[in-house]
Amino acid sequence: METEDAGTGRLGLLLDQFDQAREMAQVRLTGLGDEEYLWEPVPGCWSVRRRGEATTPRAFGPGEWVLDLGAPDIPASEYAEVARQAADGMTVARIADDWSVSVERVEQVLAHTGAPEPDRTPVTTIAWRLAHLHVQFAGGWEWTFGERRQDPKLAVDFTPSAASALDRFWPAVDRWRDSVATVTDEQLDTVGFSQYPYGSAPDDPFVGVLSGTNLEFIHHMAEIAVLRDLWQARPAV
């Protein structure tokens with residue numbers, strides 16, 4: 001006998017959404033080559049780089065290749081997210097820790113008065129977006145279903161090879177999805193079921209974490225699709 005509204009319940013709907021997005025993304029990523037994967041459409045992009053060639057102050061990774069990460073700040077595009085975190089009950093101190101900025105900076109963003117003009121949100125390469133998602137899926141699994149020990153920033157060995165990146169990425173995505181499929185209705189409502197250390201997951205019911213993960217996957221894959229279109233339409237050199 002089937003479980004309660006398995007296809008239309010909260011978990012079923014989130015899994016269906018994720019499965020459809022994953023299928024479209026895998027098709028869209030077919031044929032990705034190394035040059036396109038690392039293509040920087042404008043100067044100053046964030047990407048995957050050799051450790052000694054990193055240009056951002058907080059680039060991270062466990063091996064020779066690291067993922068760009070800039071100086072801590074809250075970009076203007078994330079002001080609404082900060083407001084949401086505060087409205088949902090996160091303390092200013094916790095939000096500041098989440099974004100690696102000062103309490104005063106968070107208060108400026110929330111007040112929208114006297115806040116310094118933030119740097120523009122950087123353009124990121126396909127390599128960066130895939131690596132960013134890989135960190136979130138690998139780290140999300142570790143801090144939800146795993147031992148909750150390994151820093152997500154050390155969970156992925158970044159690579160300049162598109163094929164290698166995808167070969168490592170999809171198993172991490174599928175492990176997350178398979179584990180999520182086992183979650184009970186009670187666990188969906190459990191605050192802190194995920195303890196992922198970067199973000200608000202420890203303060204959110206798991207159903208909210210799942211919804212956010214789906215949105216993160218969908219929007220980054222949509223960005224990758226646009227970059228692929230721009231790569232195909234780039235002017236001939």
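At what angle do helix H4 and helix H5 pack, and how far apart are their axes? The model that answers this is predicted. In it, H4 spans residues 92-99 and H5 spans residues 103-111. The two pack at an angle of about 105°, with their axes 8 Å apart. Angles from 65 to 115 degrees count as roughly perpendicular. H4 is therefore roughly perpendicular to H5.

The contact itself can be read residue by residue. H4 brings Val-92, Ala-93, Ile-95 and Ala-96. From H5 come Val-103, Val-106, Glu-107 and Leu-110. By class, the contact has 7 nonpolar residues, no polar ones and 1 charged residue.

Next, the enclosed spaces. A search of the whole structure finds 2 cavities of 30 Å³ or more. The largest has a volume of about 90 Å³. Two elements give two or more residues each to its lining: helix H6 (126-142) and helix H7 (162-180). H6 gives the most, with 4 residues. Ala-127, Leu-130, Ala-131 and His-134 are among the lining residues. So are Ala-165, Arg-168 and Phe-169. The lining also includes Tyr-37 and the run Val-156, Asp-157, Phe-158 and Thr-159. Sorted by class, this lining has 8 nonpolar, 2 polar and 2 charged residues.

The second largest cavity has a volume of about 60 Å³. Which elements each supply at least two residues of its lining? They are helix H1 (10-28), H7 and helix H9 (206-232). H7 thus appears again, having also given two or more residues to the lining of the largest cavity. For the second cavity, the largest share comes from H1, with 4 residues. Leu-11, Leu-14, Leu-15 and Phe-18 belong to this lining. Trp-176, Arg-177 and Val-180 line the cavity too, as do Leu-210 and Asn-214. The class split is 7 nonpolar, 1 polar and 1 charged.

Finally, confidence. The mean pLDDT of the protein is 91. Of its residues, 93% reach 70 or more. Residues 1-6 are another matter: over this stretch the pLDDT is below 50. Beyond near neighbours in sequence, residues 1-6 have 1 contact in the model.

Note on methods
Residues are numbered from 1 along each chain as its sequence is written. This is a predicted model: local features need pLDDT of at least 70, side-chain atom pairs count only at pLDDT 80 or more; totals for chains, interfaces and linings use all residues. Side-chain values use heavy atoms; hydrogens and water are left out. On a 1 Å grid over the protein atoms alone, a cavity is a set of points where a 1.4 Å probe fits but cannot get out, and a pocket is an open set with protein on both sides within 12 Å along at least five of seven lines; lining residues have an atom within 4 Å of a point. Grid points are joined across faces, edges and corners, and a volume is the space filled by probe spheres set on the points. Ala, Val, Leu, Ile, Met, Phe, Trp, Tyr, Cys and Pro count as nonpolar, Asp, Glu, Lys and Arg as charged, and the others, Gly among them, as polar. Axes are lines fitted to C-alpha atoms, for helices over the stretch in contact, and angles run from 0 to 180 degrees between N-to-C directions. Angles under 35 degrees count as roughly parallel, over 145 as roughly antiparallel, 65 to 115 as roughly perpendicular and the rest as oblique. Contact means heavy atoms within 4.5 Å. pLDDT is the predictor's confidence in each residue, from 0 to 100.
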